[in-house]
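Reader: I would like a close look at the salt bridges of this model, with attention to where the partners sit and how far each is buried or exposed. Please then set them beside the pocket and the core.

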Amino acid sequence: MKPLPENRCLTEPPVPQCCFNCFERRLRALSSRSNPDIEDFAKRYDVSAGVIDLAVKKAMESASSAKSHFLGTMKITLESYETLSNNGEKSINKNEIEKNYCLEGLSIDGDLDAILTQLEAFNAYFKNDESHQTINMNLLFYGPSGTGKSELARYIADQLDRKIICKRISDLQSMYVGEGEKNIKRAFQEAEAEEAVLVIDEADSLLFSRDKARHSWEISFTNEFLTQMEKFRGILVCTTNRLDDLDSASLRRFNHKIGFDYLTAEGNLLFYDLFLKSLTFDKLDSISREDLKRIEKLAPGDFKLVRDRYSFHPHSDINHAMLIDALKNESKLKTVLSQGK
């Protein structure tokens, strides 16, 4: 994206580059404020240029010249604004990538390295393309729940230095006739204006076979989504747990279809080390490791779930047997559910 004119930033709706320019101009006179600091604030806080301006002024009035004090005051001011804007509740960025996320160990059908390389090439071309022609990269991630589909989308956005906009079907649907179609259009327009990666979770509710539709609004809802897909200028990622329900006409609109599956035995060990090993002081012995490798139908989401369940317990109260049993229970539940179906 080209830098915005000096006077435009204060009057136009904020975009990531705009926020960066705001921070940069206001901190330019302070030589200790390096670009990494500016980029961190621009990514972390989704606020207008006016709020940035006020936060910088207040920080300069109340903080010492020390870099840490200045940035600390900036952080408090911006977080306070976001809390007030969120009806008094602390704002949480649910689109941040999991800190323990790792591509290694994922069970993915396809050449992920090649796809990531192609996305980087697309991103570079997109930023230098002055023709503004319709060009998009539509990706479909399919597979069981918890296998890392949404997290890979966040990883892609982070690697491409793009904002991410996640929408669930509940964000798009409406009780009013025609409003759902407008919500879909607005989501694509927002992502295109901010050059963000647009992620649609549970996309099977949008891309199902129209032959199975019971109501006319279901067909128009899907038609609008497919139309916006073709007109979209950017990167779209749709995720689904139910590939079989998708319409064949919808599938052809995706440049890449990437399948996710449960972890392999080695994947179990890798994600155990990433998420659970540090919760206990005990050493993971060879018998426990072999036991862990034999557990089937585990996904990265299962390790995160068990970690969150035990993370607030003292390390001295936790042992590997407890953690492995918890993973076995998650696996067992999936087996029971699949038999029921």
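Author: In this predicted model, the count of salt bridges comes to 14. One of them joins the side chains of Arg253 and Glu230, with a distance of 3.1 Å from N to O. Arg253 belongs to the loop between α10 (248-251) and β6 (256-261), while Glu230 belongs to helix α9 (residues 216-231), so the pair ties together parts that lie 23 residues apart in sequence. The two partners can also be described by their accessibility: Arg253 counts as buried because its relative accessibility is 18%, under the limit of 20%, whereas Glu230, at 43%, counts as partly exposed.

A further salt bridge is formed by the side chains of Glu266 and Lys293, at 3.6 Å from N to O. Here Glu266 is in helix α11 and Lys293 in helix α12 (residues 286-293), so this pair ties together parts that are 27 residues apart in sequence. Lys293 has a relative accessibility of 25% and therefore counts as partly exposed. The pair also takes part in a network of salt bridges that links Glu266, Glu290 and Lys293.

Another example involves Arg307 and Asp308, whose side chains meet in a salt bridge of 3.2 Å, again taken from N to O. Arg307 is buried, with a relative accessible area of 12%, and Asp308 is partly exposed, with a relative accessible area of 36%.

The second largest pocket, with a volume of about 800 Å³, offers a setting in which charged residues can be considered further. Its lining comprises 30 residues, and Gly146, Ser150, Glu151, Arg154 and Lys304 are those that lie nearest the centre. By class, the lining holds 14 charged, ten polar and six nonpolar residues. At least two lining residues come from each of α6 (149-159), β3 (164-167), β5 (234-240), α11 (265-275) and α13 (300-310), and α13 gives the most, with five residues.

As for the core, the largest nonpolar one has 46 residues, and Phe303 is listed with Leu119, Leu139, Phe141, Tyr272, Leu276 and Leu327 as having the most contacts inside it. Helix α5 (residues 112-128) supplies the largest share of this core, six residues. Leaving aside residues up to four places away in sequence, Phe303 touches Leu263, Asn268, Phe271, Tyr272, Phe275, Leu276, Leu298 and Leu327. There is also a second, separate core of 23 residues, which includes Ala187, Ala203, Leu207 and Phe232.

Definitions and conventions. Residues are numbered from 1 along each chain as its sequence is written. This is a predicted model: local features need pLDDT of at least 70, side-chain atom pairs count only at pLDDT 80 or more; totals for chains, interfaces and linings use all residues. Side-chain values use heavy atoms; hydrogens and water are left out. On a 1 Å grid over the protein atoms alone, a cavity is a set of points where a 1.4 Å probe fits but cannot get out, and a pocket is an open set with protein on both sides within 12 Å along at least five of seven lines; lining residues have an atom within 4 Å of a point. Grid points are joined across faces, edges and corners, and a volume is the space filled by probe spheres set on the points. Helices (H or I, at least four residues) and strands (E, at least two) are DSSP runs, numbered from the N terminus. Ala, Val, Leu, Ile, Met, Phe, Trp, Tyr, Cys and Pro count as nonpolar, Asp, Glu, Lys and Arg as charged, and the others, Gly among them, as polar. A nonpolar core is a set of buried Ala, Val, Leu, Ile, Met, Phe, Trp, Tyr and Cys residues joined through side-chain atoms within 4.5 Å. Buried means under 20% relative accessible area, exposed over 50%, partly exposed in between (1.4 Å probe, protein chains only). Contact means heavy atoms within 4.5 Å. A salt bridge is a side-chain nitrogen of Lys or Arg within 4 Å of a carboxyl oxygen of Asp or Glu.
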